[in-house]
Amino acid sequence: MDKTQWLLMLHIAAAFCLVAGSTAAAILNVLAIRSEKPSEAAFLLKLIKYALPLIFAGVLGTLLFGIWLWHDLGFGIGTGWIWAALVFWVLASALGGRGGRSQEHVREAAEREAAAGDTMSGELRAMLRDPKALAVNYAAGVATIAVLVIMIWKPGS
Amino acid sequence: MIAFSRPFWPLFLHVLGAMTTVGAILTALLLLLAAWKRPDAVFLRRATFTTLLAAIPFYALLRVFGQVMYNREKDAFGGNDPTWVGIGFIFADAGALVLLITIGLAFWWLRSGKAIAARIATGTSSVLLVLLTIAMLAMSGKWGS
């Protein structure tokens, strides 16, 4: 394997970490929304923290090896599809961070209700299904997929 | 570089399927590891089984569109497939078998609540994750080309 193949492998491995970790977080969030007790929702939302190192490694790895590949493959500084991918990468990271903070808030509320009788209140149910928080999470997912689309499609290259 | 001249949709769907399959198996593994301390928890049994079922369509995307790309490109290999193609097929097909076994174990755990089923499923899902990771590294690094 030459240097470019190594860089491509590490870049794609980082992308795998990012998308697989995000998928795991999304599945656990959906399972938490469908749970019947606050303790179950809190437990499932708490498991998301184990996917976070993978997501962070993916976020950093895609950027680091992506920029290295940009230089290594000799793409110009004005290559539009790379800038477009970077914009969506920033958007996905920002939205993912905001969605994560909102999930943490819901987890704390679920833990409080679990300690106080473990009966699902309407308020917690509404927090779990908050359309605004869900929209942020879906938007983060769409932005991540958009990066993948751009990197594979390479429009204009 | 062959990846740079491939048609968009088969490659995108193959890669997306592979990434989401790994995500679903990772989730199942997290749930199974969490179940070591509470194997009787019904919600964990249900969540694990549902997650593994969700991995089936993701895996189908990976496998079907991998085959579509191979059928388009096999002539370029001149009957002598590179190592990374062989690894991809062997590990993906072995992975399908391990996935089905893991789903069977999760179903057994769901119905019986027996801790042994969850523990064996933890082992099989770990094996599956390792198989998929090696296949991903081999294919993205084009091992042996």
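**Exercise 1. Determine which residues touch the most other members of the largest nonpolar core, and which helix gives the most to this core.**

Solution. The largest nonpolar core has 77 residues, and those touching the most other members are Phe16(A), Ala20(A), Leu28(A), Leu44(A), Leu45(A) and Ile25(B). H1(A) gives the most to this core, with 20 residues. Such a core is a set of buried Ala, Val, Leu, Ile, Met, Phe, Trp, Tyr and Cys residues joined through C-beta atoms within 7 Å, where buried means that 20 or more other C-beta atoms, placed from the backbone, lie within 10 Å of the residue's own. Helices are DSSP runs of H or I of at least four residues, numbered from the N terminus. The model is predicted, so that local features need pLDDT of at least 70 and side-chain atom pairs pLDDT 80 or more, while totals for chains, interfaces and linings use all residues. Residues are numbered from 1 along each chain as its sequence is written, with chains lettered from A and ligands numbered from 1 in the order in which they are written.

**Exercise 2. List what Ala20(A) touches, leaving out residues up to four places away in sequence.**

Solution. Ala20(A) touches Leu54(A) in its own chain, and Met19(B), Val22(B), Gly23(B) and Leu26(B) in chain B.

**Exercise 3. Describe the side of chain A that touches chain B.**

Solution. Counting contacts as C-beta atoms within 7 Å, 24 residues of chain A meet 23 residues of chain B. Helices H1 (3-33), H2 (38-47) and H6 (131-153) of chain A each supply at least two residues of this side, and the largest share, 13 residues, comes from H1(A).

Notes: Two residues are in contact if their C-beta atoms, placed from the backbone, lie within 7 Å. A residue is buried if 20 or more other C-beta atoms lie within 10 Å of its own, exposed if 12 or fewer, and partly exposed in between; C-beta atoms are placed from the backbone.
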